[in-house]
Amino acid sequence: MSQVCRSRPLAFVGAIALLSLIPGQVFAFHGLFPTAYGARAAGMGGAFTAVGGTALDLALNPAHLARNDSWFDASLATNFAELEYNDRYADPVRGTGYETRRRTRPIAPFPALGFTVGHDRWGWGAALYLAGGGGGQYDDLLRAPAADRNLAGESGLLRENVDFRFLLVKFSPGAAYALTDSLRIGFALDVAYSRQYLDRETRDASGLRTVPGGLHYRSDPAFAPGWKAGLVWQTTPNLKLAYSYEAGLRLPFDGEMRVDSNVAQVPAGARVSRRLRWPDRHNLGAAVQFGLWTVALDVRRVAWSQYFTTMRFVLTDARIPLPLGVASNQIAMGLR
């Protein structure tokens with residue numbers, strides 16, 4: 001089973017021109033982060049670590065706040081992704097199998113607003129923005145009853161519907177100070193708010209009857225503290241170098257999970273314990289000014305593979321039916 005997400009940010013004009021020289025199909029994905037905040041940053045493909053100049057710098061590099069002006073910015077970016085789901089199953093005993101292919105095109109809005117006030121060498125401000133989000137919906141995924149002992153009595157292929165949603169909002173107050181005429185440093189606190197839900201429902205071959213084993217998860221509102229820091233170095237009148245770091249988060253996604261069952265004595269829902277580690281980010285940037293033109297380059301490291309390994313749910317009691325026919329209080333989904 002594999003899932004591929006292809007994203008097509010409109011701003012990567014130069015990158016698209018370069019990649020067009022490579023034969024074959026090219027897949028690109030920038031994760032659950034938006035590419036940029038604000039029209040100017042989006043127009044530069046998100047290469048804004050060393051450029052700055054807006055109130056939404058608090059989302060990337062707060063060192064830019066140390067300037068003698070004030071700004072208010074509001075923006076709404078939209079991410080158009082294409083999600084592919086491919087699944088194959090073969091039953092060696094019955095000699096039957098199936099192949100499922102689904103493609104969805106979710107649209108994710110990323111609003112942001114912020115303000116900054118600068119005076120002499122100091123600057124401060126605050127920003128509220130959607131720092132991450134995503135999800136997907138897949139309907140009528142085929143499933144074979146033979147792969148699960150709990151469904152051995154079902155005839156024909158089953159149909160599974162999956163719906164997943166996640167959002168992360170940050171409020172970031174921060175300040176910056178110009179140590180010299182060429183070196184600025186900044187720091188911001190992050191107050192993160194997040195919600196998540198997951199529905200996985202299995203129906204019989206007709207699609208009219210729900211069969212046991214489906215999961216319905218709703219998280220409680222999750223809050224977590226974080227921070228970010230950055231610096232900007234004006235090496236020459238035309239060249240700026242910058243670096244910023246955004247700390248990771250530990251989001252407490254406790255909530256409630258309901259498991260579809262034919263047993264009337266099973267309670268409607270159970271408390272579930274879960275933790276999500278949101279990855280930290282390193283951003284390194286350079287910007288060169290040529291008259292009215294600005295050429296910028298960003299290199300970023302996001303530790304997805306270290307943080308997004310397994311999505312594990314731990315319930316207060318054993319009620320999740322495993323394919324071997326026993327019940328468990330835990331379910332783990334591999335991400336990688």
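**Notebook: surface patch, positive phi residues and two strand positions**

I began with D120, which is exposed, its relative accessible area being 54%. The model I am reading is a predicted one. I placed D120 in the loop that joins β4 (107–119) to β5 (122–143). I then checked its backbone: D120 is not a glycine, yet its phi is positive, at about 55°.

I looked up a second aspartate, D140. Its phi is also positive, about 60°, and D140 is not a glycine. I found D140 in strand β5, whereas D120 sits in the loop between β4 and β5. Is D140 buried, partly exposed or exposed? I noted a relative accessibility of 33% for D140, so I entered it as partly exposed.

I turned next to the surface. Which residues make the nonpolar patch? I listed L179, I185, L231, W233, L241, Y243, L284, L297 and V299, which together form a patch of about 790 Å². I then asked which strands supply at least two residues of the patch each. My entry reads β9 (222–236), β10 (239–246) and β16 (293–302).

I singled out Y243 from the patch members. Y243 belongs to strand β10. Its relative accessibility is 30%, so I recorded Y243 as partly exposed.

From Y243 I followed a contact to N283. N283 lies in strand β15, residues 281–290. Is N283 buried or exposed? I recorded N283 as buried because its relative accessible area is 1%, a value under the 20% cut-off for that class. Setting aside neighbours within four places in sequence, I listed the contacts of N283 as T49, L60, A242, Y243, S244, V299 and R300. Two of these contacts, Y243 and V299, are also named in the nonpolar patch.

My last entries concern V302, which I located in strand β16. V302 has 25% relative accessibility and therefore counts as partly exposed. I checked its separation from H282: the two residues are 20 apart along the chain, and their C-alpha atoms are 6.8 Å apart. Which residues does V302 contact once neighbours within four places in sequence are left aside? I noted F33, P279, D280 and R281. Of these contacts of V302, R281 falls within the residue range of strand β15, 281–290.

Definitions and conventions:
Residues are numbered from 1 along each chain as its sequence is written. This is a predicted model: local features need pLDDT of at least 70, side-chain atom pairs count only at pLDDT 80 or more; totals for chains, interfaces and linings use all residues. Side-chain values use heavy atoms; hydrogens and water are left out. Patches are made of residues with over 30% relative accessible area and no salt bridge: like charges are joined within 9 Å, nonpolar side chains (Val, Leu, Ile, Met, Phe, Trp, Tyr) within 5 Å. Accessible areas come from the Shrake-Rupley method with a 1.4 Å probe; for residues, only the protein chains shown count as cover. A salt bridge is a side-chain nitrogen of Lys or Arg within 4 Å of a carboxyl oxygen of Asp or Glu. Helices (H or I, at least four residues) and strands (E, at least two) are DSSP runs, numbered from the N terminus. Buried means under 20% relative accessible area, exposed over 50%, partly exposed in between (1.4 Å probe, protein chains only). Contact means heavy atoms within 4.5 Å.
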